[in-house]
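Got your viewer open? Let's take a short walk through some charged side chains, one selection at a time.

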Amino acid sequence: MSAEFTFRGIAELKDALGKLPDELKGKSTQIVIDAAYGAQAEIVAAYPKGPTGHLQKGVKVKVQEIGPYGVAAQVRSSAPHGWLYEYGTRARKTKRGWNRGTMPNAPDVFIPAMIRYRRAMYLKLADLIRSTGLIVTLDA
């Protein structure tokens, strides 16, 4: 017996993964967790080591859900200045007009790494589903 799924978004992917046989859940969970920790490692390696190391130490993986049919993991920066490092600031002045300067944004690190690892994760999950005999088409 063969079935066909076309994934057009994350909701469809989650729905299809929820229908996978139980023996594939462990493999899919490992793919998601590996992608999260891989992205974390790449981001930490790309961030500069400052005097405190807070920017690197702030990149955390939180496994949000491991249920009977799915898993979710989140990679985020808890460093107070993580957003400022990635996006920079515009010119600022005090109420008295004193210049506080700008912080230029750094080379793109976080978002590009997350996009690469998410795409690779989707491809691995599609391969896993194909291994069951299902036909998988990923829209670009």
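Start with a tally: there are two salt bridges in this predicted model. We'll visit both, then look at a charged residue that goes without.

**Stop one: E42 and R116.** Select this pair and you'll see their side chains meet in a salt bridge, with N and O 2.0 Å apart. The two ends come from distant parts of the chain: E42 belongs to helix α2 (residues 22-46) and R116 to helix α5 (residues 110-130), 74 residues apart. Now show the surface. E42 is partly exposed, at 26% relative accessible area, and R116 is partly exposed too, at 43%.

**Stop two: D127 and R130.** Stay on helix α5, where this pair sits three residues apart, about one turn of the helix. Their closest N and O atoms are 2.8 Å apart, forming a salt bridge. D127 has 47% relative accessibility, so it counts as partly exposed. R130 is also partly exposed, at 36%.

**Stop three: E86.** Jump to helix α4 (residues 82-87), where you'll find E86. What is the nearest side chain of opposite charge to E86, and how far away is it? It's R116, 10 Å away, and E86 is buried with no salt bridge. You've already met R116: its salt bridge is with E42.

So what does E86 have around it? Select Y47 next: its side chain makes a polar contact of 2.7 Å with that of E86. Then click F110, whose backbone nitrogen lies 3.2 Å from a polar atom of the E86 side chain. To finish, light up other residues that E86 touches, including N105, A106, D108 and V109.

Key. Residues are numbered from 1 along each chain as its sequence is written. This is a predicted model: local features need pLDDT of at least 70, side-chain atom pairs count only at pLDDT 80 or more; totals for chains, interfaces and linings use all residues. Side-chain values use heavy atoms; hydrogens and water are left out. Helices (H or I, at least four residues) and strands (E, at least two) are DSSP runs, numbered from the N terminus. Buried means under 20% relative accessible area, exposed over 50%, partly exposed in between (1.4 Å probe, protein chains only). Lys and Arg count as positive and Asp and Glu as negative; His and the chain ends are not counted. A salt bridge is a side-chain nitrogen of Lys or Arg within 4 Å of a carboxyl oxygen of Asp or Glu. A polar contact is a pair of N or O atoms within 3.5 Å; within protein, one must be able to donate a hydrogen and the other to accept it, and residues adjacent in sequence count only if both atoms are side-chain atoms. Contact means heavy atoms within 4.5 Å. Lists of a residue's contacts leave out its neighbours within four places in sequence.
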